[in-house]
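Got your viewer open and a selection box ready? Load the model below and we'll walk through it stop by stop.

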Amino acid sequence: MVVVIAIVAVILVLAAVVLIRTLSLKPTAAQSAVIELDKSERALSYGEKLSKMIQVETISEPHQQDRSKFLEFHKVLEKEFPNVHRVCEKNVLNGSLLFCWKGSGEKEPIMLMSHHDVVEAGGEWEHAPFSGDIDETGRVWGRGTVDTKASLCCIFGAIEELIEEGFKPPMDVYIASSCTEEVSGDGGPAIASFLKEKGVKLDLILDEGGMILHAPIAGVHGIYAMVGVVEKGYGDVKFIAHGKGGHASAPGKNTPLVRLGKFMAAIEKKNPFKARITPTVREMFTRMAPNMIFPLKMVMANLWLFEGLLAKLLPSINAAAGAMIRTTLAFTKAKGSDGLNVLPQTAYVTGNMRYIHHQPTDESIRLISDIAKEYDIETEVIYKDDPCPIVDYKGRQFKLVEAVVEKVFPGVGTCPYVMTGGTDCKFYNEVCDNAIRLAPLYIDSQQYASIHGLNENIFSGVLPKAVDFYKEIVKMN
């Protein structure tokens, strides 16, 4: 009886602590923050500049040799941003761009970065994908409006305005724009090599990544600037099964495609990768917790108690959040025989992997290869790279971004988070220790979903604040 009473007492104490900690979290300014669309002539002007940028089709493809389309795009930039081209040193690296605005040298150089290539634009669009149409609401339509010509437009606009204002930067300010980011091509490596050869060590890179979103995670109220400080490693892997082949009229057991199917089903049923609430994810949840609905708030306010359970359940509750806490493997392509009535002698599937820091590239590959062997399947690594260095959300560079968000977007919360996609930042590890991934554009859920999808668009009214954001990064650094 004494033991039972003691257990009940402990449970009651824990429940009281959990409830007190939950109720002590009061909503922050982010919950009631509002961002009004700018309807000024300035907003219209930036919308028109972006429209012209969209009208130049800049789809990149692997192993693309002809870069003439990108050179045509450069002509638009030269026309729309004459101060940048008059004052800054310009380098064209096989279609990719690097500008340098020379400063006094009092501080370490920084780089503002956003690529100008885009992905293909198939399907039926409301507005043609390279029309650059501006509708009556001020939306600019077209492939690249969000990913990432809008942020590039705003970077150029910020430097253009600062030059016009007579501002003299205390550091060299670089603008980088690859024409191969979407295909992990030579643009990023070429720019990084150029900087390395010149002996440039950057204090900060600000690239694409997170954006400014309302309710970035289901159950969270408010507007947040989602700042990518962690970028997972990337890999493509082929899983190959061999067999005797033969006529499909007399199939044997465990033919190549069957073994591949069993392997994929096993991975789908029981994910082999470790899920862990990392410090970055914990900080993200901590910052959002005050504005969460009650059940989530209770969990996030008491991670000391619920962290282990959350790590187990999160991947099945929310795929995007789950991808932030473990390595992922997505099966993407498959190939069997060429004949409808022929058993394949060789079949394969490919998997796209994103490697988490606590179970990095080689460890994750070894783990999945060992499972594949159980099904008599070979593993071939097509491409791999390692996770990028983690940026400290307590560090000066992150705090600078946080301060600029508060100045330009009053009340908006700032959250560090794990990038589940990839950026060109991975090529710059030798020239910068602090690559922060944020495009300071306020977008809605449809616009977010349009990235690499149909009907990509952005409001002209969000562009001036993004220009101001980049200006403040230069002035406050």
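Here is a short tour of a helix pair, a few backbone oddities and two stretches of sheet. Keep in mind that this is a predicted model.

**Stop 1: helix α5**

Select residues 145–164, which make up helix α5. Colour them by accessibility and you'll find α5 mostly covered, with 19 of its 20 residues buried. Now zoom in on the link from aspartate 147 to threonine 148: that peptide bond is cis, with omega near -5°. Threonine 148 itself lies in helix α5. Slide along to what follows the helix and pick glycine 166, where phi is positive, near 80°.

**Stop 2: add helix α15**

Keep α5 on screen and add residues 463–476, helix α15. At what angle do the two helices pack? It's about 55°, with the axes 8 Å apart. Because of that angle, α5 counts as oblique to α15. Look at the handedness too: α5 passes α15 in a right-handed crossing.

For the contact itself, show side chains. On the α5 side, the residues include Ala150, Cys154, Ile155, Ala158 and Leu162; on the α15 side, among them are Leu463, Val467, Tyr470 and Val474. Sorted by type, the residues of this contact come out as 11 nonpolar, two polar and three charged.

**Stop 3: histidine 115**

Next, select histidine 115, in the loop between β3 (110–113) and β4 (139–141). Buried or exposed? Its relative accessibility is 2%, so histidine 115 counts as buried. Ask your viewer for its contacts, skipping neighbours within four places in sequence, and you should get Asp147, Thr148, Lys149, Ser177, Ser178, Glu181, Glu182 and Glu208. Two of those names will ring a bell: Asp147 and Thr148 are the two ends of the cis peptide bond from the first stop. For a distance check, take the C-alpha atoms of histidine 115 and leucine 97: they are 9.0 Å apart, with the two positions 18 residues apart along the chain.

**Stop 4: two asparagines with positive phi**

Jump to asparagine 94, in the loop between β1 (89–93) and β2 (96–101). Its phi is positive, about 50°, although the residue is not a glycine. Asparagine 94 has 45% relative accessibility, so it counts as partly exposed.

Then go to asparagine 254, in the loop between β9 (246–247) and α7 (256–269). Here phi is near 50°, again a positive value in a residue other than glycine. With 38% relative accessibility, asparagine 254 counts as partly exposed.

**Stop 5: strands β6 and β15**

Select β6 (residues 204–214) together with β15; they pair in the parallel sense over six bridges. To find one of the bridges, label aspartate 207, whose partner in β15 is arginine 437. Strand β15 covers residues 435–443, and eight of its nine residues are buried.

**Stop 6: the four-stranded sheet**

Last, bring up the open sheet with the order β10-β12-β8-β13 and antiparallel pairing. Which strands sit at the edges? They are β10 (328–335) and β13 (378–384), each pairing on one side only. Neighbouring strands here are turned by 25° against each other on average, direction ignored.

Follow β8 (residues 233–242) and β13, which run antiparallel and are joined by six bridges; phenylalanine 239 is the bridge partner of threonine 379 in β13. Now switch the helices on. α7 packs on the sheet, touching β8, β10 and β12 (346–355), and its direction makes about 140° with that of β8. Helix α12 (residues 361–373) lies across β8, β10, β12 and β13, running at about 155° to β13.

Methods. Residues are numbered from 1 along each chain as its sequence is written. This is a predicted model: local features need pLDDT of at least 70, side-chain atom pairs count only at pLDDT 80 or more; totals for chains, interfaces and linings use all residues. Side-chain values use heavy atoms; hydrogens and water are left out. Axes are lines fitted to C-alpha atoms, for helices over the stretch in contact, and angles run from 0 to 180 degrees between N-to-C directions. Angles under 35 degrees count as roughly parallel, over 145 as roughly antiparallel, 65 to 115 as roughly perpendicular and the rest as oblique. A crossing is left-handed if the near helix is turned anticlockwise from the far one by less than a right angle, and right-handed if clockwise. Contact means heavy atoms within 4.5 Å. Ala, Val, Leu, Ile, Met, Phe, Trp, Tyr, Cys and Pro count as nonpolar, Asp, Glu, Lys and Arg as charged, and the others, Gly among them, as polar. Buried means under 20% relative accessible area, exposed over 50%, partly exposed in between (1.4 Å probe, protein chains only). Two strands pair if DSSP finds at least two bridges between them.
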